[in-house]
Amino acid sequence: MAAIQPSQRLFVALDTPDEARALALCGQLAGVVGGVKVGNELFTAAGPAGVARLGATGLPVFLDLKFHDIPNTVGRAVRAALALKPFMLTVHAAGGVAMMRAAAEAAAEAGAERPLLIGITVLTSMNDEALAATGVAGPVLGHAERLARLSRDNGLDGITCSAHEAPLLRAACGPDFVLVTPGIRPAAVGGDDQKRTVTPAEAVRLGADCLVVGRPITGADDPAAAARAVAAEIAEAGP
Ligand code: C5P
């Protein structure tokens, strides 16, 4: 778990287009969680200035914009994102080796403030059939492993994956590769549209470094209390 400190393991997904609500959540969660994840919905609604305001609350920002374009464009987008001083940001590994290298070169320009670059392998909304329809043969897991290895070998620091995939991808990519896992549900919380969820403790035991949790925290009556409970589960499960 090289790059992720114990206090940075829980990121809360701010999946809302409402900057005021996102800011209120940051106020409640500062000091409790490792940071917040800003995805395309909130970024598109609030803009970089909005993200900067969220970052000004002191919470590290995981900028999950999933860049996927030609190498020059992705390199320039990463360079532009550095102004927001993100803790982590995502690019699609399917963009290829040159694209990932361009992203890594751009990120390196931030020096000591270099964000962790996280690769998106196969979206978990894809199954084998959906993948085959895009022209990619073979099971999802094999393709995810291929893209994970490609990410590791071309300057990325880690990938996002389902906790169920974590043991295989950990074995493939080694102990220092950062595994970021969504699809987490505390034991006490019922299911929603997420399938095959795991508890925070299970995710840690399966090898996750960084856990992304959204609605179980953002939808709770007391988000700070819900976050503290998840953080405690993570801490109890091990280093
Ligand atoms: O609310 P919930 O905990 O399901 O939110 C999980 C977050 O992780 C959302 O931002 C979702 O888009 C993201 N995510 C996911 N599954 C993936 C990749 C990202 O749930 N495979």
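This section describes the aromatic pairs, the surroundings of the ligand and several individual residues in a predicted model.

A search of the whole structure returned 2 aromatic pairs. In one of them, the ring centres of Phe-11 and Phe-62 are separated by 6.1 Å and the ring planes meet at 90°. Because an angle over 60 degrees counts as edge-to-face, the pair of Phe-11 and Phe-62 is assigned to that class. This contact joins distant parts of the chain, since Phe-11 belongs to strand β1 (residues 10-13) and Phe-62 to strand β3 (residues 61-67), with their positions 51 residues apart in the numbering. Phe-11 has a relative accessibility of 0% and is therefore classed as buried. For Phe-62 the relative accessible area is 1%, so this residue is likewise buried.

Phe-11 also takes part in an aromatic pair with Phe-87. Here the centres lie 5.7 Å apart and the planes enclose an angle of 15°, an arrangement classed as stacked. Distant parts of the chain are again linked: Phe-11 is in strand β1, whereas Phe-87 is placed in the loop between α3 (71-81) and β4 (88-92), 76 residues apart. Both partners, Phe-11 and Phe-87, are buried. Taken together, Phe-11, Phe-62 and Phe-87 make up one aromatic cluster.

The second topic is the ligand and its surroundings. The space that the ligand takes is the largest pocket. Within the shell around the ligand, the elements that contribute two or more residues are β8 (210-213) and α9 (215-218). The surrounding residues are Ala-13, Asp-15, Lys-37, Thr-124, Pro-182, Arg-185, Gln-194, Val-212, Val-213, Gly-214, Arg-215 and Pro-216. Short distances to polar side-chain atoms are found for several of these residues, among them Asp-15, where an N or O atom of the side chain is 2.7 Å from an oxygen atom of the ligand. In the case of Thr-124, an N or O atom of the side chain is separated by 2.4 Å from a nitrogen atom of the ligand. A polar atom in the side chain of Arg-215 is placed 2.7 Å from an oxygen atom of the ligand. The ligand taken alone exposes 460 Å², of which the protein buries 79%.

One of the residues around the ligand, Gln-194, is located in the loop between β7 (178-181) and α8 (200-206). Its relative accessibility of 33% places Gln-194 in the partly exposed class. Gln-194 and Gly-183 are 11 residues apart along the chain, and their C-alpha atoms are separated by 6.3 Å.

Backbone geometry was considered for two lysine residues. Lys-66 has a phi value near 50°, which is positive in a residue other than glycine. This residue lies in strand β3, the strand that also contains Phe-62. With a relative accessibility of 27%, Lys-66 is partly exposed. Lys-85, which is not a glycine either, has a positive phi of about 50°. Lys-85 is situated in the loop between α3 and β4, the loop in which Phe-87 is also found. At 56% relative accessibility, Lys-85 counts as exposed, whereas Phe-87 is buried.

Residues in two helices were examined further. In helix α1 (residues 19-29), Gly-27 has a relative accessibility of 54% and is therefore exposed, as the class begins over 50%. Between the C-alpha atoms of Gly-27 and Pro-175, 148 residues apart along the chain, the separation is 34 Å. Arg-21 is also found in helix α1; with a relative accessible area of 37%, Arg-21 is partly exposed. The C-alpha atoms of Arg-21 and Phe-87 are separated by 21 Å, and the two residues are 66 residues apart along the chain. Ala-148 is placed in helix α6 (residues 140-153) and has a relative accessible area of 0%, so Ala-148 is buried. The C-alpha atoms of Ala-148 and Ile-118 are separated by 9.9 Å, at 30 residues apart along the chain.

Technical notes
Residues numbered from 1 in each chain as written. Predicted model: local features only at pLDDT ≥ 70, side-chain atom pairs only at ≥ 80, totals over all residues. Heavy atoms only, no water. Phe/Tyr/Trp six-rings, centres within 6.5 Å; stacked < 30°, edge-to-face > 60°. Helix = DSSP H or I, 4+ residues; strand = E, 2+ residues; numbered from the N terminus. Buried < 20%, exposed > 50% of the residue type's maximum accessible area, 1.4 Å probe, protein only. Near = heavy atom within 4 Å. Polar contact = N/O pair within 3.5 Å; in protein donor to acceptor, adjacent residues only side chain to side chain. Areas by Shrake-Rupley, 256 points an atom, 1.4 Å probe, with all protein chains shown as cover. 1 Å grid on protein atoms, 1.4 Å probe; cavity = no way out; pocket = protein on both sides within 12 Å on 5 of 7 lines; lining within 4 Å. Sits in = over half its atoms within 2 Å of the grid points.
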